[in-house]
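Thanks for coming. I will go through one structure today, a few contacts to begin with and the chains after that.

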Amino acid sequence: MTEPIITVADLHVTFATPRGDVPAVRGVDLVVAPGETVGIVGESGSGKSTLARAIVGLVDAQSGSVTVDGRPVRPVHGRRSRADAATVQMIFQDPYSSLNPRQRPIDAVAEAVHVCQRLDRKASRARAMELLGSVGISQAQCRMKTRSLSGGQRQRVSIARALAAEPKILVADEPTSALDQSIAASLLNLLRRIQSERGIAVVFISHDLGVVRYLAHRVYVMKEGVFVEDGVTVDVFEAPRHEYTRTLVSSVPGAGTTVAHGHAPAQE
Amino acid sequence: MRWASRLKDADRMFLIGALLLALIVLASALAPILSSFDPVRGTSPPMRAPSAGHLFGTDNLGRDVFVRAFAATRLDMMLAVVAVGVSLIVGTLVGAVMGMGGRSKVSGFLNLVVDSINAFPFIVLALGVVAVVGPSVPGVLSAIILTGWARYARVARARTAVIADADFVNAARLLGYGRSRVMIRHVFPNVYSESFAFALSELVIVILAIASLSFLGAGVRPPTPELGAMISEGRIMLTRAWWISVFPGAVLALAALSIQLIADGYERMTRYA
Amino acid sequence: MPRRRAGFTDVWRRHRAVQIVARGVAVSFIVATVAFSVLRFAPGDPVLAILGDQATPSAVTAMRAKLGLDGNIFVQYLRFLGHAVRGDLGTSITSGVPVARIIGDSIAPTLSLVAMTAILALIFSVPLGLRLALAPEGLFSKVFRVAASLSLAMPGFFLGLLALLLFAIRWGVAPVAGFTSTFPGALTYLWLPALVICAQLVPILARVFRASVLRTLDEEFIEAAIVRGVSRPRFYWHYLIRPSIAPTIALLGYITGQLLGASVMIEMVFSMPGIGTRLVRAVTTRDYPTVQGILLVFGVLVVLITTLSELVIKRLDPRAGGDR
């Protein structure tokens, strides 16, 4: 067995609120192998988004450790090295806040290429065009204002921007929950293609069992900050061992197919 | 339905304001050039009521009030734009630093400075600065800038705290962008757009403040034409020659109203568009 | 869960008044620091401004000492604070009178004007806000909106001048200038200036009051009151006005700053011998100790009124814990 590219050991994350400390993640262990797609499912408030943010270093662990590519993850508020950026990147849930509204797609991706690959301006733009093309953004759309892009197009731009760093891991936090069903499906296909073509490990967070089933090799089921079950996707879905997983699976009619919930799109 | 009617309202406000402002700007650009009357040296009979020759009449020194009023408007507007521009840039930069700084000592100190400057009545603190610098154009400018930047800092601080949490900023950090790149290319431009809307509405307050300071004798001094100073000069002759004060006052009110309409319209347009 | 939180807020509320006062004291201290800083950090040298460029070095040194501008900045600061706490704000350069006495002599007209304006503003804005809230669309609201924009764009001192021209000079229903500190007599001097400030204050306050009435109308106890058949006056006062008035008073505390600023302008227009008139005279004659003292008093006044209005809110509306 190969060395895991992500190792999370006994992770605890707590948020300080005016009403006292609220634990979001309460002792979680997780491993991800290189090139593997791992799904994390759970209802909203189960701590899965917090876990995703802890893996990339956007939130600090209270205790426990997150090791990514052999090194402990560094909090993003410090200076991140090129190696850190080339290790793990993230796709966010809300397409309307994950792109800088003042940048056109080409500028956003070219900037990432310029910083991460140390290419000059012209080469960065050329490479950015290539990347944007590979995620299905047309030449005309590259130069459009971000404001006029749809949610699905924005998520594609986000993916291209993340790929500019040539990361070994992509953490996707509910990237399709704000999208229409058909658009969500094509985005999932894109993620799957990227995963197989580039051999990237993907951590895919979702409340949507159908989506996770379609994408993930292995799956973790999260509830109230802890994993209640994990295993190979098919096993977990076909023969859930935990009570909670059973309710989840039974509450989704035909969890085997891609069923996107009609989530209200986030406000602009 | 309501959304549409509001949008129309906002457009109308913006349009009326812009037209009014264009007229005022045009008049203040052309009046001193086209007219044969000098705004500073009196050449006509003094204290003449408004007539075809002198639309706004003449003052006690025989100067044409119309030419003087629009020369004054030009000065006031230029001063206001410079003062607002400088305080906007300084205040927004400081506010952005404060918003990003979180709980650091520097931003704690800046917070204290900003809040205590904002605790004062604007005009009172401005008067204090004029006391030191002196009643003059630089005096007015430094008074408005030194007291004004703190209000922009407050707006920018709140906005930055929101932007600094946005996912595109998180994405930038994850990509390993340096602090200054995150700040300059990602946080600042987004804070700036909101501060700009605020600056438009501040322009009204600042124009009125400049005129107020000069009215009090703590701003631009006669004989330089300035609206507040003109109103003040005409005060003692109010019963005999009302036009010396009233016309500059009306021009000042119209200028303020036009900018107010533009600012309100712009704010509503950006809010509902 | 609700039980535990109620216990917690109880304890917190008992200390709330103490907290408000403590914060007021702390902010006064900061305000004193700003008043101190203006003379020191504004561009230009006050000593040279008074004495001129040709002053002898010994005269400069003497003037520096007189203004309290000699020595280390921290020493200056501590000295300033120490004197201020004891009520010593220095001596006026132009008249040789202690600044504290100048302020004491001129503060009555200013405070009366501010108080009168605040009372009038509430009297006008509460019914206006109610009317606007109960009929949000319609001619009345439209007229209000236009009138509000017009009055806010109007320079306050110009409005005052027009009022003076019409009411005092043309119609003779108000005195042209001056003030008297006897009680009913003062009102003849105060009503017009107070109304002029109100013209710009009421639109803002009425808008805030309207918004909070609209919020109150949404609350459940309103429905309960209607169902129970509460009498009309009782309904208006207990169920609509009282719960809605807190944010308006909170804003009044906040607006006190602008109110004091406006009173500076209006005192000048109506030639009232108030603290604002004094400040302007001190500024134009470069009487630095007086400027510094008056700045300090203005700042402390704002803090004082803000603190008082917070205490009033606490009494009026127990719901408003203060974390609005």
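K48(A) and E174(A) form a salt bridge, and their closest N and O atoms are 3.3 Å apart. This is a predicted model, so please take every value in this talk as computed from predicted coordinates. K48(A) sits in helix α1 of chain A, residues 48–56, while E174(A) is in the loop between β7 (169–173) and α7 (181–198) of chain A. The two are 126 residues apart in sequence, so the pair ties together separate parts of chain A. Are these two residues buried or exposed? Both K48(A) and E174(A) are buried.

Next, another pair in chain A. R71(A) forms a salt bridge with D84(A), with 3.5 Å between the closest N and O atoms. R71(A) belongs to strand β5, residues 71–72, and D84(A) to helix α2, residues 82–85, and the pair, 13 residues apart, links distant parts of the chain. R71(A) counts as partly exposed because its relative accessibility is 30%. D84(A) has a relative accessible area of 8%, so D84(A) is buried.

The third pair goes from one chain to another. E111(A) forms a salt bridge with R185(B), the closest N and O atoms being 3.9 Å apart. On one side is helix α3 of chain A (residues 105–117), which holds E111(A), and on the other is helix α7 of chain B, which holds R185(B). Which of the classes, buried or partly exposed, does E111(A) fall into? The relative accessibility of E111(A) is 4%, so E111(A) counts as buried. R185(B), at 40% relative accessibility, counts as partly exposed.

Over all chains, the rule gives a count of 20 salt bridges. Some of these residues are joined up further: D59(B), R63(B), R68(B) and E233(B) are linked in a network of salt bridges.

Now the nonpolar cores. In soluble globular proteins, nonpolar side chains tend to be buried together. How many residues does the largest nonpolar core have here? It has 145 residues, and L127(B), I144(B), L213(B) and F157(C) are those with the most contacts inside this core. Helix α2 of chain B, residues 65–101, gives the most to the core, with 13 residues. Apart from this core lies another, of 61 residues, and among its members are V41(A), V109(A), L170(A) and Y244(A).

Take I144(B) as a close-up. Setting aside neighbours within four places in sequence, I144(B) is in contact with A83(B), F122(B), V206(B), A209(B), I210(B) and L213(B).

A second close-up in chain B is S258(B), which is placed in helix α9, residues 243–272. S258(B) counts as buried because its relative accessibility is 0%. What lies 2.7 Å from a polar atom of the side chain of S258(B)? That is the backbone oxygen of A255(B). Beyond four places in sequence, S258(B) is in contact with G17(B), L20(B), L21(B) and I24(B).

That leaves the interface of chain B and chain C. Chain B brings 43 residues to the contact, and chain C brings 43 residues. About 3,500 Å² is buried between these two chains, and carbon and sulfur atoms give 80% of that area. F120(B), V132(B) and L216(B) supply 17% of the area that chain B buries against chain C, more than any other three residues.

How many salt bridges does the rule find across this interface? Between chain B and chain C it finds zero. For polar contacts, the rule finds four residue pairs across the same two chains, both residues of each pair being at pLDDT 80 or more. On chain B, the elements that each supply at least two residues to the side touching chain C are α3 (105–119), α4 (122–133), α5 (137–163), α7 (179–215), α8 (227–235) and α9. That side of chain B divides into 29 nonpolar, eleven polar and three charged residues.

Last, chain C itself. Chain C has 13 helices and zero strands. Of the 324 residues in chain C, 45% are buried. Among the contacts in chain C with a separation of 6 or more, 73% are between residues 24 or more positions apart.

That is where I will stop. Questions are welcome.

Terms used. Residues are numbered from 1 along each chain as its sequence is written. Chains are lettered from A and ligands numbered from 1 in the order in which they are written. This is a predicted model: local features need pLDDT of at least 70, side-chain atom pairs count only at pLDDT 80 or more; totals for chains, interfaces and linings use all residues. Side-chain values use heavy atoms; hydrogens and water are left out. A nonpolar core is a set of buried Ala, Val, Leu, Ile, Met, Phe, Trp, Tyr and Cys residues joined through side-chain atoms within 4.5 Å. Buried means under 20% relative accessible area, exposed over 50%, partly exposed in between (1.4 Å probe, protein chains only). Helices (H or I, at least four residues) and strands (E, at least two) are DSSP runs, numbered from the N terminus. Contact means heavy atoms within 4.5 Å. A polar contact is a pair of N or O atoms within 3.5 Å; within protein, one must be able to donate a hydrogen and the other to accept it, and residues adjacent in sequence count only if both atoms are side-chain atoms. Buried area is the accessible area (1.4 Å probe) that two parts lose on being put together, summed over both. A salt bridge is a side-chain nitrogen of Lys or Arg within 4 Å of a carboxyl oxygen of Asp or Glu. Ala, Val, Leu, Ile, Met, Phe, Trp, Tyr, Cys and Pro count as nonpolar, Asp, Glu, Lys and Arg as charged, and the others, Gly among them, as polar.
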